[in-house]
Amino acid sequence: MERAFEMRRRAIERGDQPYGAVIVKGGRIVGEGVSAVVTNTDPTAHAEMEAIRYAARRLATNDLTDCEMYGTSRACPMCEAGAYWARIARMYYGTLIADAGAPKLP
């Protein structure tokens, strides 16, 4: 979770929205993302989506089974759906590391 908040700080420094996320598999970070909605003028470039894209490229698969997502805030419906379709096992968010459970479709 500490790394997700570091990603949040990076987003703020870049002039973007204050969100960060990481994808973890087997205790190792395999994807990370900062919000790029403003800087990339892309309404889908949420930190969670960026982290999913990064992890998929890095692992060379769209199946992120056995991965967990850690985000600075609870995932929006788009990001939760993305986590669902990527087959992410669980999502956690916030400073208290709340367990949001397995992703589901809205």
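**Notebook: cavity, salt bridges and surface patch**

I began with the lining of the largest cavity, which is made up of Glu48, Met69, Gly71, Ser73, Arg74, Ala75, Met91, Tyr92, Tyr93 and Ala100. I note at the outset that the model is predicted.

**Entry 1. The cavity**

I looked up which elements give two or more residues to this lining, and found strand E3 (67-71) and strand E4 (90-93). Of the elements, E4 gives the most, with three residues. I then sorted the lining by character: six residues are nonpolar, two are polar and two are charged. The space in this largest cavity comes to about 50 Å³. I recorded a count of one cavity of 30 Å³ or more.

**Entry 2. Salt bridges: the count and Arg3**

I turned next to charged pairs and obtained a count of six salt bridges. I looked up Arg3 and found a salt bridge with Glu32, in which the closest N and O atoms are 2.9 Å apart. Arg3 belongs to helix H1 (residues 2-13) and Glu32 to strand E2 (residues 28-34), so this pair ties together parts that are 29 residues apart in sequence. I checked the accessibility of Arg3 as well: the residue is partly exposed, with a relative accessible area of 24%. I also asked which residues are linked with Arg3 in a network of salt bridges. I found that Glu6, Arg10 and Glu32 join Arg3 in that network.

**Entry 3. Salt bridges: Arg53 with Glu50**

I looked up Arg53 and found a salt bridge with Glu50, the closest N and O atoms being 2.5 Å apart. Both residues lie in helix H2 (residues 47-59), and because they are three residues apart there, about one helical turn separates them. Arg53 counts as partly exposed, at 30% relative accessibility. Glu50 is likewise partly exposed, and I noted a relative accessible area of 21% for Glu50.

**Entry 4. Salt bridges: Asp99 with Arg90**

I then examined Asp99, whose side chain meets that of Arg90 in a salt bridge at 3.0 Å, N to O. I asked whether Asp99 is buried or exposed. Asp99 proved to be partly exposed, with a relative accessible area of 42%. For Arg90 I recorded a relative accessible area of 33%, so Arg90 is also partly exposed.

**Entry 5. The nonpolar surface patch**

I looked for nonpolar side chains on the surface and found a patch formed by Tyr84, Trp85 and Leu105. Together these residues have about 340 Å² of accessible area. I located Leu105 in the segment after strand E5 (98-101). Leu105 is partly exposed, with a relative accessible area of 41%. Patch residues must have over 30% relative accessible area, and Leu105 meets that cut-off because its value is 41%.

**Entry 6. Ala86**

I placed Ala86 in the loop between helix H3 (77-85) and E4. I asked whether this residue, Ala86, is buried or exposed. Ala86 is buried, with a relative accessible area of 5%; I classed Ala86 in this way because the cut-off for burial is under 20%. I then looked up the separation of Ala86 from Ile52: the two are 34 residues apart in sequence, while in space they are 7.6 Å apart, C-alpha to C-alpha.

Note on methods:
Residues numbered from 1 in each chain as written. Predicted model: local features only at pLDDT ≥ 70, side-chain atom pairs only at ≥ 80, totals over all residues. Heavy atoms only, no water. Patch = residues over 30% accessible without salt bridge, like charges linked within 9 Å, V, L, I, M, F, W, Y side chains within 5 Å. Areas by Shrake-Rupley, 256 points an atom, 1.4 Å probe, with all protein chains shown as cover. Salt bridge = Lys/Arg side-chain N within 4 Å of Asp/Glu carboxyl O. Helix = DSSP H or I, 4+ residues; strand = E, 2+ residues; numbered from the N terminus. Buried < 20%, exposed > 50% of the residue type's maximum accessible area, 1.4 Å probe, protein only. 1 Å grid on protein atoms, 1.4 Å probe; cavity = no way out; pocket = protein on both sides within 12 Å on 5 of 7 lines; lining within 4 Å. Points joined across faces, edges and corners; volume = space filled by probe spheres on them. Nonpolar A, V, L, I, M, F, W, Y, C, P; charged D, E, K, R; others polar.
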